[in-house]
Amino acid sequence: MLLKTLKRHKNHLKRLRSQYPYSTSSTNSLKPMVHYIKDLKQGITTSEELVNQYLYNIENDQQSNAFISVRDKQKLMNIAKDIDNKRKNGSIMGALNGTIVAIKDNFNVKNTNTTCASKMLQDYKSPYTATICQKIIEQDGIIIGKTNMDEFGMGSLNKYSHFGPTNIIKNNEKYSPGGSSGGSAVAVATGLSSIAIGSDTGGSVRLPAAWCGIVGLKPSYGLCSRYGLVAYGSSFDTPSILSLTVEDSALMLNVISGFDKYDSTSVETENVDYSEGIHDDISGTIIGIPKEFNISELSKEQIQTWEKSIEVYKSAGAKIVEVSLPNTSNALAAYYILTTAEASSNLSRYDGMRYGHRVEGKSVADAYTNTRGDGFGAEVKRRILTGTYVLQQSTYKDFYQQAMKIRRLIKNEYNQIFNDGVDAILCPVSCFQNALKDGEIVDPVGEYVTDCFTVPANLAGIPAVSVPFGGGMQLMGGYMQEKKLLNIASKLEINS
């Protein structure tokens, strides 16, 4: 099993290096985080060396625009030196052991800019640190910088950023990495960070992971604290992980999961080691294939990839069953009604009165109008207007209440399938298997369709992971069943 795992990592990294031939990163940067931790423990490298290496990669990356801000080099070197001394003195080390972590720019880190890729917050400096970022720091992770994203997390192509789009460069052409956590995905895939944190509201981690050929894990809603994550859709937003391997995601989940008294939606759970037994045998596991996901928009190549992934699980001794999720066709509409409604409410706080961007006016009302008109981008305005409309008294029952009913039906459908014994549901990540060229989708509704296979997991609050098999395959598991899900995902990863 160990030899097969090492071979899997070697083949996976070889594919990534060929996928990003124009990356300025050294090939040594494309190593799973767990390998770096091993090297640090054995004295093969130091945290100071890693900081220097990744800063060099970031400084020489002229095309991806993956980062909005990078922390001061001297501060990073001081942090790395302290961690190296701690290790050298034989002190107990944190789980991350001085490895490098990138953070999506909608998580607060004290005394750093948190912009959400918006003009509205371009000069905002965080007065506190998000819970999961604090946990990373306490476990000796070194936060190197903040990654680019769609403004306030609203977008699927990472093109709605005040600081410019994030790009994948293939054959001298620009492609979208997917969004809204595209900066974090590109940072991991091109060796600008060993692992990254993103947020997943409706596929914002899984889609970029699929298009960048890495792993994207969205945990169950409530498993990881949202305290310090700038809100878009509060009942959907989920701190998530982008990594080179499933094993890396499991280790990071050990770090960032757990109850937080500062988050009212945080759930108390038993302590679980998500890394333990991650490569265990899965014979007897039941994998569900949702018939409603087999839509006409899927290409022949995607169907073949899906069939190959099914064969992988059959060969591993898993049982394959067809399952039905009748409300899948309603999921996308329900998702966009509910998230825009929540966005309309959450973003009402940006009025230029207390913090953030401000444009003066002849009256308070003018100042509000001028500030929000100038501070928000086109996609954010579109979603605020949509959300405000569905919350009006005249439309509330026809849109918002109906969407809430659909959400409950979808949640019940998934719960029933898992209660009936299915261990995971297998399907593509998106109806678009490959990264789209810059400008390939110009219609906002067309862009929303990229999320059609990812939003159900957010509506149901269940965990889901994108695995780099073909153009990306998605596995969804039962609520708080991340350990089982990661074990099942690792089997597909081995055969990618």
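I took rings of Phe, Tyr and Trp (its six-membered ring) as paired if their centres lie within 6.5 Å, with planes under 30 degrees apart counted as stacked, over 60 as edge-to-face and the rest as tilted. My notes concern a predicted model, in which local features need pLDDT of at least 70, side-chain atom pairs count only at pLDDT 80 or more, and totals for chains, interfaces and linings use all residues. Residues are numbered from 1 along each chain as its sequence is written, and side-chain values use heavy atoms, with hydrogens and water left out.

Aromatic rings. I found 14 aromatic pairs by this rule. In the pair of tyrosine 350 and phenylalanine 376 the ring centres are 6.3 Å apart and the planes stand at 85°, so I entered the pair as edge-to-face. The pair links distant parts of the chain, 26 residues apart, with tyrosine 350 in the loop between helix 10 and helix 11 (364-375) and phenylalanine 376 in the loop between helix 11 and helix 12 (378-390); helices (H or I, at least four residues) and strands (E, at least two) are DSSP runs, numbered from the N terminus. I then looked up accessibility, where buried means under 20% relative accessible area, exposed over 50% and partly exposed in between (1.4 Å probe, protein chains only). Tyrosine 350 is buried at 4%, and phenylalanine 376 is buried at 5%. Ring pairs join both of them with Tyr124, Phe152 and Tyr355 in a cluster.

Alanine 318. I located this residue in the loop between helix 9 (300-315) and strand 10 (319-323), where alanine 318 is buried with a relative accessible area of 9%. Its C-alpha lies 6.5 Å from that of isoleucine 282, although the two are 36 residues apart in sequence. Leaving out residues up to four places away in sequence, I listed its contacts (heavy atoms within 4.5 Å), among them Ser283, Gly284 and Tyr313.

Backbone. Most residues other than glycine have a negative phi, and most peptide bonds are trans. I noted a cis peptide bond between glycine 179 and serine 180, with omega about 10°, and placed serine 180 in the loop between strand 5 (173-175) and helix 6 (182-189). Asparagine 65 has a positive phi of about 55° and sits in the loop between helix 3 (47-59) and strand 1 (67-70), partly exposed at 28% relative accessibility. Aspartate 140 also has a positive phi, near 65°, and lies in the loop between helix 5 (131-138) and strand 3 (142-147), where aspartate 140 is buried at 7%.
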